[in-house]
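Open your viewer, keep the selection tool at hand, and follow along at your own pace. We will visit some charged pairs and then a few enclosed spaces.

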Amino acid sequence: MSSVLILLAGMAAFALAYWRYCRRLEGIVAIDHARTTPAHALRDGVDYVPAAAPVLLGHHFSSIAGAGPIVGPVLAAAYGWGPVALWIIIGAIFIGGVHDFMALVASARHHGRSMGEVIQITLGTTGRILFLVFCWAALILVIAIFAQLAAKTFVESPSAAMASALYLILALAFGLLVNRAGLPFGRVTAIFLPLMILSVWLGLRLPLQFPAQGVGIFGMHLSAQTLWLLVLGIYVCVASIAPVWVLLQPRDYLSSFLLYGLMIAGVAGICIARPELQLPVFTAWRQPKLGTLFPMLFVIVACGAVSGFHSLVASGTTSKQLHNERDARVVGYGAMLIEGVLAIIALITAACLSHGDYARLAGNPVDIFARGIASFVSALGVRQADGYTFAALAVSAFVLTTLDTATRLSRFCLQELCARRHAHGGLHSFVLDRYTATLICVAASMGLALSGEANTIWPVFGASNQLLAALTLLAVTVWLFHLRKPL
């Protein structure tokens, strides 16, 4: 089977859905470009800051992508590429895209609050509290795991650490030049894109690392990975507290170009190299390490088709930066379709392997993806070693963007949990402060990461993530029912 046919069929289906099906969704919720969004009505210069559609798309896409749409399809390819491709295309169009778009619009109509606010109105206070507690616990686990993954990546690949540090410097400079110096957005982007390439080049040649044997502090021996965990803990504290225009918006916007570039290279490489799919269309109903096709296919593919985490981003940071309701289509629905394309590319990198090679490499899906991308772009004249390094660096960069967004979201959840009791004073009014809320969230997540128990709990996250998606769709359905909208 030709990989080009699968890729082009998926992209054509996504394009048709974006222009036709999403227009119907806009009609259901009565998108109005004249309606004031929370970013303008509640603008505070910290969390509520309007962002241009390209910037907000970059932030949203960077935050929801991470490693999910890469790891999930590669692992699920064990069932055969057929069921995975069908679920990615159908799921992204009719479930994931609807989920993300509706969560964004519903949040924007409720002052930029989380889906917990929608649940409060439609399902009651108890439902809201349980939902927010569930979300907060899931986010703490995500922060712990992604911090561990980022720390391990920086230890094993010091070049990724240096490139990430340089990205932060570029993001700070970009935010200041656009938002304070008032320089034209397009001109600054054109200047900073080559600087991003330069930062990758410098990262490969000037790696940033702690001593391999670790260091001793206050009589304690800290390994290099533990030191990186502590550094990341400090970073996410700053990222959660700082105004979004300082770091979050420009960093995610610039980082998104890494993934755009990676996807363009992957699509072009597949179209030119035309690799054949070697894995079977379907292997078996049950896989020993994964379980049965139903329901594990949906749990494993996750972000490639639908993910509850997306609703947290859409109703958390994204809805507070929505400049115009018309942008909900490209940001909410469009980002999910772009992620679907990435998931198809990831699936192809796995399906082009022989059954033996896939079984040998299946324990490291990011390595399979990077090897596949390197093989595809070699048809464009790029050395395989350079293609592999670029793919690995892009994935590590998006792990970091998901990490800092998740920290800010956990702070929002904690603040919303305590907001109802603010009038009674006491501890709840104290926690509402964004500094204190951030410290509590980071302390909880870093404590979980350092305890070593995060990996024990992580296997339940896949099912919890899809449960969160189901709860979000239920809440949106009830909201539309109350508005007497057609379902």
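A residue counts as buried when its relative accessible area is under 20%, as exposed when over 50%, and as partly exposed in between (1.4 Å probe, protein chains only). The model is predicted, so local features need pLDDT of at least 70 and side-chain atom pairs count only at pLDDT 80 or more, while totals for chains, interfaces and linings use all residues. Residues are numbered from 1 along each chain as its sequence is written, and side-chain values use heavy atoms, with hydrogens and water left out.

**Stop 1: Arg35 and Glu325**

Select Glu325. Is Glu325 buried or exposed? With 4% relative accessibility, Glu325 is buried. Now add Arg35, which is partly exposed at a relative accessible area of 32%. The two form a salt bridge (a side-chain nitrogen of Lys or Arg within 4 Å of a carboxyl oxygen of Asp or Glu), and their closest N and O atoms are 2.9 Å apart. Arg35 sits in the loop between helix 1 (3-29) and helix 2 (38-41), and Glu325 in the loop between helix 13 (308-318) and helix 14 (327-351), so this pair ties together parts 290 residues apart in sequence. Helices here are DSSP runs (H or I, at least four residues), numbered from the N terminus. Add Arg109 to the selection too: Arg35, Arg109 and Glu325 are linked in a network of salt bridges. The count of salt bridges in the model comes to nine.

**Stop 2: Glu416 and Arg113**

Next, select Glu416 and Arg113, another salt bridge, with 3.6 Å between the closest N and O atoms. Glu416 belongs to helix 17 (residues 384-419) and Arg113 to the loop between helix 5 (81-108) and helix 6 (115-123), so the pair ties together parts that are 303 residues apart in sequence. Glu416 is buried at 5% relative accessibility, whereas Arg113 is partly exposed at 24%.

**Stop 3: Arg251 and Asp404**

Stay with helix 17 and pick Asp404, whose partner Arg251 is in helix 11 (residues 248-273), 153 residues apart from it. Their salt bridge has its closest N and O atoms 3.3 Å apart. Arg251 is buried, with a relative accessible area of 2%, and Asp404 is buried at 2% as well.

**Stop 4: the largest cavity**

Now for the enclosed spaces. On a 1 Å grid over the protein atoms alone, a cavity is a set of points where a 1.4 Å probe fits but cannot get out, and lining residues have an atom within 4 Å of a point. Grid points are joined across faces, edges and corners, and a volume is the space filled by probe spheres set on the points. How many cavities of 30 Å³ or more are there? There are two.

The largest cavity holds about 70 Å³. Select its lining, including Ser114, Leu139, Leu312, Phe412 and Glu416. Helix 17 gives the most, with four residues. The lining has five nonpolar, three polar and two charged residues. Ala, Val, Leu, Ile, Met, Phe, Trp, Tyr, Cys and Pro count as nonpolar, Asp, Glu, Lys and Arg as charged, and the others, Gly among them, as polar.

**Stop 5: the second largest cavity**

Finish at the second largest cavity, of about 50 Å³. Among its lining residues are Phe134, Leu139, Leu312, Phe461 and Asn465. Helix 7 (125-156), helix 13 and helix 21 (461-482) each supply at least two lining residues. This lining has eight nonpolar, two polar and no charged residues.

Technical notes: 1 Å grid on protein atoms, 1.4 Å probe; cavity = no way out; pocket = protein on both sides within 12 Å on 5 of 7 lines; lining within 4 Å.
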